[in-house]
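Q: Got a minute to go through this one with me? Let me pull it up.
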Amino acid sequence: MDKNLLIALAATVLSFCTLYAPQPILPLLSAEFDVSAADSALLVTFTLAPLGLAPIAYGYFLQAIPARTMLRLAVLLLIIDQLAFFAATAFWHLLALRFIQGLLLPAIFTALMTYCATMAPPGGVRRAMGLYIGATVLGGFLSRVMSGALVEWVGWQWMFVVMGLALVPVWVLLRHTDPDAEINFSRLDLRSIRRVLANPLYRHCYLVLFTAFLVFSGMLNLLPFRSSDIDPSIGPFGISLAYTGYLICVPIAIFSERLTRVFGSVRRAVLTGLGINCIGLAAYLLPAIPVLFATMFIFAAGMFSIHAALSGLVNERATEHKGVVNGLYVSVYYISGALGSWLPGYVYQWSGWGTFLLLSTLLLGVSAVFAGKIRA
């Protein structure tokens with residue numbers, strides 16, 4: 001495997017480790033700072049929201065900055081941000097640091113996603129994107145499980161410090177990537193956005209991604225609270241193990257090209273993923289911790305079958321304006337993630353778990369309508 005791709009994948013894993021670290025400890029932080037469950041979820045929303053909007057704003061200056069320089073600077077600032085959590089004493093301190101993190105991560109992720117696609121040999125874009133998504137899955141899993149374990153061993157402040165220090169090797173390794181890699185960031189102005197969205201294929205892919213990931217991110221954020229409701233004695237590490245099913249997404253992402261060939265088309269692969277997610281939602285009705293944990297294998301498999309198929313397709317079709325296509329994909333992904341980490345918290349708080357599952361099922365139905373229009 002190309003050296004640049006290996007370093008990019010390592011950077012992806014460790015950067016993603018910082019993104020979802022608060023998720024399994026939301027009940028603990030909710031009690032620690034005396035805030036509601038829905039308000040504590042803002043620790044995820046405040047990072048995902050800038051991730052969704054920043055690729056558009058960043059397009060105005062990313063073209064002038066060498067990719068390697070930008071990546072190293074963003075990773076260094078992310079390390080400093082993570083270390084600053086140790087001094088946080090109020091809930092708004094945590095929100096501010098998470099918001100800053102959200103401004104830094106899109107520069108890293110957009111660069112890495114485009115980098116992986118650019119480093120791929122002819123005909124290997126889908127495999128490269130599968131590897132990239134596999135790296136994001138592994139990072140997301142390690143983020144949640146490590147944070148749950150570290151909080152029980154050393155406390156939540158030190159958990160953030162450890163996450164920051166783990167990024168130091170990545171910062172050093174990025175110096176050894178090729179400085180002249182052909183990574184073209186296209187400005188995401190209104191004209192370029194309209195040009196991409198005028199293509200029905202991209203438009204329908206983005207709509208499927210938006211609705212499906214909104215449901216998925218809502219489930220991931222509410223899982224700790226649902227676990228605590230079922231078993232009030234469960235601790236942060238026990239909650240973090242609920243995300244073990246997330247690991248099923250690594251082989252799915254890596255072998256997504258083969259899976260798409262098995263289904264015969266991207267449309268069938270996506271519709272199958274949505275169907276699997278609906279089965280997962282039905283299983284989540286059962287109020288048992290083992291069922292809750294086992295169902296994550298089903299639910300995560302469905303979502304990442306969708307994600308891997310869509311990202312591979314849009315990158316394969318983007319023979320030009322790849323930076324615009326990827327920037328919009330990242331924006332849609334994280335805007336839906338931000339809304340999914342925020343709004344379902346209020347649904348759960350006001351109407352309960354059953355209402356959340358019902359609304360999620362309806363959203364997946366809408367996503368299936370959009371998926372049926374994908375001609376690939």
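Q: Which residues line the largest pocket?
A: L214, V215, L339, L343, P344, V347, F356, L359, S360, L362 and L363. A pocket here is an open set of points on a 1 Å grid over the protein atoms alone, where a 1.4 Å probe fits, with protein on both sides within 12 Å along at least five of seven lines; lining residues have an atom within 4 Å of a point.

Q: Is this predicted or not, and how are things numbered and filtered?
A: It's a predicted model, so local features need pLDDT of at least 70 and side-chain atom pairs pLDDT 80 or more, while totals for chains, interfaces and linings use all residues. Residues count from 1 along each chain as its sequence is written, and side-chain values use heavy atoms, with hydrogens and water left out.

Q: What volume does the largest pocket have?
A: About 160 Å³, taken as the space filled by probe spheres set on the points, which are joined across faces, edges and corners.

Q: Which helix gives the most to that lining?
A: Helix 18, with five residues. Helix 11 (200-230), helix 17 (322-351) and helix 18 (353-371) each supply at least two; helices are DSSP runs (H or I, at least four residues), numbered from the N terminus.

Q: Switching topic: where does S265 lie?
A: In the loop between helix 14 (256-263) and helix 15 (266-283).

Q: Buried or exposed?
A: S265 is buried, at 11% relative accessible area (buried means under 20%, exposed over 50%, partly exposed in between, with a 1.4 Å probe and protein chains only).
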